[in-house]
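Open the model in your viewer and keep the sequence panel beside it. We will go from one selection to the next, with a short look at each stop.

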Amino acid sequence: MNYSIAVIPGDGIGPEVIAPALEVLDVVGDTFGHIFNYAELEAGGCAIDSTGEPLPASTLETAKQCDAVLLGAVGGPQWETLPGNLRPERALLGLRSGLGLFANLRPAALLPQLRDACPIKDEVLAASNPEGKPSFDLLIVRELTGGLYFGARGRSSDGTSAFDTETYSKAEIERVLHSGYAAAAVRRKKLCVVDKANVLESSRLWREIAQETAKQYPDIETTYMYVDNAAMQLVRAPGQFDVMVTSNLFGDILSDEASVLTGSIGMLASASLGSAGTDSEKGTVMGMYEPIHGSAPDIAGKDTANPLATILSAAMMLRYSFKLEKEAAAVEAAVSAVLDAGYRTGDIARRDGKKGEEKIVGTKAMGEAVIKALEG
Ligand code: NAD
Ligand code: IPM
Ligand code: MN
């Protein structure tokens, strides 16, 4: 089958991590008999430089016509002084809301090969793991098109005060909870709603709606936790979590925190999805796939960025948008194989000093290793 993918490399390390992901997709296409057509589009800082806008209308229009979107990262210091609505990051918000992608799935699991890159002690990890193993496997489901990111904001006329508002409707909360429950149903059947219901009215609505919605899922254990405690529990006992569902801002922060437990933010992939009802005739489901990290200006252009989060995001695209489970699993197995063979980018280098057991490589070489593993 033919699949069309809107590819948005973006800024900083964005293009560096997108290149190996596309090469991996090409090999998947050759091996399994699919054709992936790429429409390369501009968004973010590079689009500001060439068109004056972070998200040109043509980018969103073309993205809508494709089967899925693969994005690197946007932003950088050269665009930091622009007014908020003209900053590169606005492109992400425009794509997410323009494509109706309200549920952002951010899986964070500790791969056994990266045990030595995780900063938490064995006994601490094992204490909360259901099987007593020094490991964890959780999924953050972040609401992506509402909350503080999309509420009214502004400044007083003299510029000395500013506000941002968090607004959530029942419908917005319900639909992302359903996405969370759908994920929990095929995992360990546990769902934790993370909020700040002891202070925020919007969080109290979240909790009320969650308590109602939970009744529809009697097979899934629903729990509730305040976000400050959740941030602490993530490092104290990550094994207690299966699916965590939370608001836009809380999910953003907790997923960066969780990424460190997996070894590095360079490992964390994500899928942004809308309602299941958006399936096309072809059987594809629109989604946007991106690593959770940013454009990493400090390492851009150095060929040191970890491309695995982007490669794993491409695997999520195969799974969720194209329903190509075998192909997605093959990419994940190839990543696993290169880690088994000791390949590491600097961010996932061993922390235990056993340096002889790893091969530190750059972005391109890591991509090549994954392709070799994929070609078997
Ligand atoms: P960042 O995620 O870009 O970088 C944080 C730290 O993690 C840096 O030290 C960086 O070198 C490291 N890092 C990130 N990705 C890595 C990778 N693949 N391999 C190895 N190391 C990696 O966050 P930041 O510095 O706060 O933001 C930089 C810019 O990126 C800002 O303009 C921000 O708005 C933007 N941003 C964009 C996205 C996105 O496009 N999805 C996400 C987050 C931040
Ligand atoms: C992310 C990023 C974005 C977000 C920014 C760059 C708008 O941090 O994808 O996690 O906060 O959603
Ligand atoms: Mn973020």
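Start by selecting V194, and bear in mind that this is a predicted model. Leaving aside residues up to four places away in sequence, V194 touches M225, V227, A230, M244, T246, F250 and L254. Its home is strand β8, residues 190-195. Is V194 buried or exposed? It is buried, because 29 other C-beta atoms lie within 10 Å, and 20 or more is what buried requires. For a sense of distance, add V260 to the selection: V194 and V260 are 66 residues apart in sequence, and their C-alpha atoms are 19 Å apart in space.

Now step along to N198, in the loop between β8 and α7 (201-214). N198 counts as exposed because it has 11 C-beta neighbours inside 10 Å, and the limit for exposed is 12 or fewer. Select Y226 as well: the two C-alpha atoms, of N198 and Y226, are separated by 7.7 Å, with these positions 28 residues apart along the chain.

**The sheet**

Zoom out and show the strands. What is the strand order in the open sheet of 10 strands? Reading across, you pass β2-β1-β3-β12-β11-β4-β5-β10-β8-β9, and the pairing is mixed. At the edges are β2 (35-40) and β9 (221-226), each of which pairs on one side only. On average, neighbouring strands in this sheet are turned by 25 degrees against each other, direction ignored.

Pick out β1 (residues 2-10) and β3 (residues 68-73) next: these strands run parallel and are joined by five bridges. Within them, I8 stands opposite L71 of β3. Then switch on helix α1, residues 14-32, which lies across β1, β2 and β3 and runs at about 145 degrees to β3.

**The two domains**

Colour residues 1-106 + 275-376 as domain 1 and residues 119-261 as domain 2. Their C-alpha centres lie 24 Å apart. Where they meet, domain 1 supplies 12 residues to the contact and domain 2 supplies 19 residues. On the domain 1 side, α4 (89-98) and β4 (103-109) are the elements that give two or more residues. β4 gives the most there, with four residues. By class, this side of domain 1 has six nonpolar, three polar and three charged residues.

**The ligands**

Select ligand 1 and its surroundings. Which of the 22 residues around ligand 1 come nearest? They are G75, G266, H293, G294 and N306. The shell of ligand 1 is made up of 11 nonpolar, seven polar and four charged residues.

Move on to ligand 2, which is surrounded by G75, E89, L92, D252, I292 and G294. This shell splits into two nonpolar, two polar and two charged residues.

**A last loop**

Finish with the loop between β12 (287-289) and α10 (308-321), where you will find A296. A296 is not a glycine, yet its phi is positive, at about 40 degrees. A296 is buried, because 24 other C-beta atoms lie within 10 Å.

D303 lies in the loop between β12 and α10 too. Here again phi is positive in a residue that is not a glycine, with a value of about 55 degrees for D303. How does D303 count in terms of burial? It counts as partly exposed because it has 15 C-beta neighbours inside 10 Å.

Note on methods:
Residues are numbered from 1 along each chain as its sequence is written. Chains are lettered from A and ligands numbered from 1 in the order in which they are written. This is a predicted model: local features need pLDDT of at least 70, side-chain atom pairs count only at pLDDT 80 or more; totals for chains, interfaces and linings use all residues. A residue is near a molecule or strand if its C-beta atom, placed from the backbone, lies within 6 Å of it. Ala, Val, Leu, Ile, Met, Phe, Trp, Tyr, Cys and Pro count as nonpolar, Asp, Glu, Lys and Arg as charged, and the others, Gly among them, as polar. Domain bounds come from an automatic or database domain assignment. Two residues are in contact if their C-beta atoms, placed from the backbone, lie within 7 Å. Two strands pair if DSSP finds at least two bridges between them. Axes are lines fitted to C-alpha atoms, for helices over the stretch in contact, and angles run from 0 to 180 degrees between N-to-C directions.
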